[in-house]
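I opened my notebook to get to know a new structure, one look-up at a time. Here is what I wrote down.

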Amino acid sequence: MQSHTVITSNLHNPNPNPNPNPNPNLNLNLIPNFSPKFPPNALRFRREFFTRRRSTSMTSSFKINSKMDNNRDAFPTITQFAGKEGADVGDDLVVLYGHLEYAFKRIAALVASPVNSSLGKSSGGAEDVGSGRDKPKPLDIVSNEIILSCLRHSGKVAVMASEEDDAPVWITDDGPFVVVTDPLDGSRNIDASIPTGTIFGIYNRLIELDGLPVEEKALLNSLQSGGRLIAAGYVLYSSATILCTSFGSSAHAFTLDHSTGDFVLTHPNIKIPPRGQIYSVNDARYFDWPEGLRRYIDTIRQGKGKFPKKYSARYICSLVADFHRTLMYGGVAMNPRDHLRLVYEANPLSFLAEQAGGKGSDGKHRILSIQPVKLHQRLPLFLGSPDDIDELESYGDVQQTVNPGYDV
Ligand SMILES: O=P(O)(O)OC[C@H]1O[C@](O)(COP(=O)(O)O)[C@@H](O)[C@@H]1O
């Protein structure tokens, strides 16, 4: 197995810490400025990988969007894609992805299960069908347990920080990786079988912190800025189960083939359109928005923006689904209030957006340059096509600061 190494240069993080530390109790100096160890060959990866594929029996590997055939080799699995014959992301990461995939398949089965449907999938429905020890757990809690258990079995993870847990869970001292996750986003919609998703990000463990008490090193490892992510992804549980991920060089989507249980490459080198014609936001909040955001939305839906076409609205209210559509079709997906989490949601999805040529912003700053100061820190989030995000930011005043407790 490959040993854990750290690269101390700053290649991927040109602007690592532009924000002052608003939490004086947190010593950010303990988190050194360095970029991920992977990929040392990031710039070479795509060209080399595809060249190699063209010269082997997998000639048709990257035409699968347009042409499905019966040749299994035409659909590399993630292990084939990331392993030695492919991108060669390192044995440790390949092993970790194997365990993550297992977790995702179990969650996919869980959200689709008729058993859950009859029990009531969320905590709300579940309360009616049991009590005490027999009471079914909400699916986001079960999903959290599934991911934690898979990470434990991988032996590759030092610490997991989850949206479902108050504090990060220290797993093993010599695990090379740190995993942050929202195990089941959009679960508020699950009783109506609306798509849900898992979001995850992977960092290297900061070996400089190894000597600190467990609680402290668990927290500081989990508070790395998104610019230090070495890989990230999401899984969309919908009509198809799709794992979209990046190892730091482009973004790729793999679709779960239920006949074999494999995630196979279906969307290599995803490129978000430079501009879309869709905006995605909960616009029932319109009257709580600042003037700049109202003007922006009013302008683009009348076709009076920089792109002279009328925009359409699409809002599923399930972040992974809204983001996946945005990645495919372009446009902007947003939640302008302090609701989504920097560590578990904004950073991994911004990483993917950037890898696909898009942008992730809080309305003023690049998300990946924001230093998290709290594990469950929330912020406004705008993800999407680069030209749309630039235009939105040009309105200046787009962050919703009035944030009453909405019931639904
Ligand atoms: O209520 P809003 O502002 O429309 O927020 C909806 C967003 O909240 C989420 O449901 C996540 O919220 P939770 O983490 O509280 O489940 C996203 O999936 C969705 O995009």
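**Entry 1: a bridge between two strands.** I started with tyrosine 279 and looked for its partner in β11, which turned out to be valine 332. I kept in mind that this is a predicted model. Tyrosine 279 belongs to strand β9, residues 278-280, and I found β9 running parallel to β11, residues 332-341, with two bridges between them.

**Entry 2: a helix on the sheet.** Next I checked what packs here, and I found helix α9, residues 319-329, lying on the sheet. Helix α9 touches β9, β11 and β13 (378-384), and its direction makes about 150 degrees with that of β11.

**Entry 3: the whole sheet.** In what order do the strands of this open sheet come? I read off β10-β9-β11-β13-β12, five strands with mixed pairing. I then noted that β10 (312-313) and β12 (359-361) are at the edges; each has a single partner strand, so one side of each lacks a neighbour in the sheet.

**Entry 4: around the ligand.** I looked up the ligand and found 13 residues surrounding it. The closest are Asp185, Gly186, Asn282, Ser318 and Leu319. Two elements I had already met, α9 and β11, are the ones that give two or more residues to this shell. Which of the elements gives the most? I found that β11 does, with three residues. By type, I listed three nonpolar, six polar and four charged residues in the shell. I also saw that domain 1 (39-267) and domain 2 (278-393) each supply at least three residues to the shell.

**Entry 5: strand β1 and its partners.** I moved on to β1, residues 157-162, and asked myself: is β1 largely enclosed or not? Six of its six residues are buried, so the rest of the structure largely encloses β1. I followed its pairing with β3, residues 177-185, which is parallel over five bridges. With β2, residues 169-170, I found that β1 runs antiparallel, joined by two bridges. A hairpin of six residues leads from β1 to β2. Methionine 160 caught my eye twice: I found it opposite valine 179 in β3, and also opposite valine 169 in β2.

**Entry 6: stepping back.** I finished with the chain as a whole, which has eleven helices and 13 strands. Of its 408 residues, 47% count as buried. I also looked at contacts between residues at least 6 apart in sequence, and 67% of them join residues at least 24 apart.

Conventions. Residues numbered from 1 in each chain as written. Predicted model: local features only at pLDDT ≥ 70, side-chain atom pairs only at ≥ 80, totals over all residues. Pairing = 2+ DSSP bridges. Helix = DSSP H or I, 4+ residues; strand = E, 2+ residues; numbered from the N terminus. Contact = placed C-beta atoms within 7 Å. Axes fitted to C-alpha atoms, helices over the stretch in contact; angles between N-to-C directions. Near = placed C-beta within 6 Å. Nonpolar A, V, L, I, M, F, W, Y, C, P; charged D, E, K, R; others polar. Domains from an automatic or database assignment. Buried ≥ 20, exposed ≤ 12 C-beta atoms within 10 Å, placed from the backbone.
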